[in-house]
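Visitor: I'm new to this one, so could you walk me through it? I'll ask as I go.

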Amino acid sequence: MTKFKDLGLKDEVLRGVTDQGYEDAFPIQEAVIPVLLTKRDVVGQAHTGSGKTAAFALAMLNDIIPKKGIQGLIMAPTRELAIQISTEIRKMGKHTGIKIATVYGGQGMGIQLDALHRGVEIIVATPGRLIDHLKRGSIELGDITHIVLDEADTMLDMGFVDDIQFILDLSPEDRVMSLFSATMPTAILRLAEDYLHNPKQILLDADDLSGEGIDQSFLVIKDRDKFKYLLDFIKPLKGQIIVFCSTKYRTRDVAKYLHQEKYNAVAIEGDMSQSRREQSMAKFRNGKADILVATDVASRGIDVPRVELVVNYDVPNQEMAYFHRIGRTARAGTEGRAITFVSYSSIGDWNIIKRQIKVPLRDLNQEMHIEVSIPDPLKRQSSSRRFGGGNSYGRGGGGRSSYGGGGRSSGGGRSSGGGYGRNTRDDRGTKRKDTDSDGKNSYGGRSRW
Ligand code: AMP
């Protein structure tokens, strides 16, 4: 394993790295830093948790000269990721004198303009708000020497491709650029081809999206029983938990019901103000909250090391979202678990995701002897592909749970209250656009996230 001190970084950069307690470079850092230091472009297939932030940031901190204007630009899809990147760069760059501004929609322009007026060398931005600044002249890209597109596939999914092209077209040709993406769909390869010069391709963790190292399981249950099972799963745990829901309404309901059960839970969903989202994330990150209930807004890029369990309260509506959600656990080599609740109407979607899971997947219905009765013949057909003809999930319902004893009746307790009886999967096919630029989205309406 290569040590940071052997990567050719300046002393003041190395001191920041050592302050963080990092000594050995992660594989992505070992591969990316020397290439960027030679000013060659990089396309890296990497996800959060691999150490990619340090990989691109250290090369940037090494080359950028303090007090010489904006030289580094990092674009990220969400405010949370932008803030996280800035925080990490600030820590690593604290001996360099390099200053960073974070610009993202949802925060007042004033704060960002003040930061920019004080003079910064690196901008970490979500694309929409960056364009607002470019249009009003508060950010200029003429002296940019380093550009990073982080989580490029998410930015594309969110409809930022035109914004990114607009921004890149304004920046100098002669710059070092790196693009990081968890997946490499054609659109990303095309973007890389158009904007990067002879990039070195670094495909390090293509397998990470299989969720290796994560104990993955699923449980087929009635939608209205989910909350009761959630409580059963989280009760014995000591570590932090993330619960992913399909819509903001579900997110709010689940957080509310957890509060009623006296759990210290915070929520993040697209309708919350930026400051409330930040407060929730800060509480969760510093351990003041045990449970984060979130829509997919929070599933990418957020690195909280102590997450012991991810619960997919609803089956995600995209295969990739599943892997990004469960990737919030088992960070940096720790062990983690992910449980997916599959309501009857989601079995078809779950089967599609399941086919992509290349590691052993535990069937909790079998392990816990929980029977399901699937009313819809179509769904029964799709489920039988997985559950086999013997069908231990015969009719009869009621759910013989091997845990919780007879104490909790099916559908009883709080979970029978509103909000759990319906499966709200009508969001499928709706493409998300970041609620950047002060919370509006390009679809004119309010997002479901
Ligand atoms: P990232 O993929 O950039 O979000 O980083 C994942 C996590 O690993 C973050 O919490 C970093 O602080 C941590 N980290 C990054 N590089 C190293 C390293 N070389 N040694 C130890 N921890 C690291």
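Visitor: Which residues in α3 meet α4?
Guide: Keep in mind that this is a predicted model. On the α4 side, the contact is made by I85, E88, I89 and M92. Their partners in α3 are T53, A54, A57, L58 and L61.

Visitor: How many nonpolar residues does that contact of α3 with α4 have?
Guide: Sorting the contact by class gives 1 charged and 1 polar residue. The nonpolar count is 7.

Visitor: Are α3 and α4 oblique or roughly parallel to each other?
Guide: Helix α3 covers residues 52–63 and helix α4 covers residues 79–92, with their axes 10 Å apart. They pack at an angle of about 50°. Angles under 35 degrees would count as roughly parallel, and 65 to 115 as roughly perpendicular. The two helices are therefore oblique.

Visitor: And which helix gives the largest share of the largest nonpolar core?
Guide: That core has 70 residues, and L58, L61, M75, I122, I123, V124 and A125 touch the most other members. The largest share of this core is 8 residues, and they come from α3.

Visitor: How many residues are in the other core?
Guide: It lies apart from the largest one, and its members include M272, V293, Y322 and F323. Its size is 50 residues.

Visitor: What percentage of the chain is buried?
Guide: The chain has 17 helices and 14 strands. Of its 449 residues, the buried part comes to 50%.

Terms used:
Residues numbered from 1 in each chain as written. Predicted model: local features only at pLDDT ≥ 70, side-chain atom pairs only at ≥ 80, totals over all residues. Axes fitted to C-alpha atoms, helices over the stretch in contact; angles between N-to-C directions. Helix = DSSP H or I, 4+ residues; strand = E, 2+ residues; numbered from the N terminus. Parallel < 35°, antiparallel > 145°, perpendicular 65-115°, else oblique. Contact = placed C-beta atoms within 7 Å. Nonpolar A, V, L, I, M, F, W, Y, C, P; charged D, E, K, R; others polar. Buried ≥ 20, exposed ≤ 12 C-beta atoms within 10 Å, placed from the backbone. Core = buried A, V, L, I, M, F, W, Y, C linked by C-beta atoms within 7 Å.
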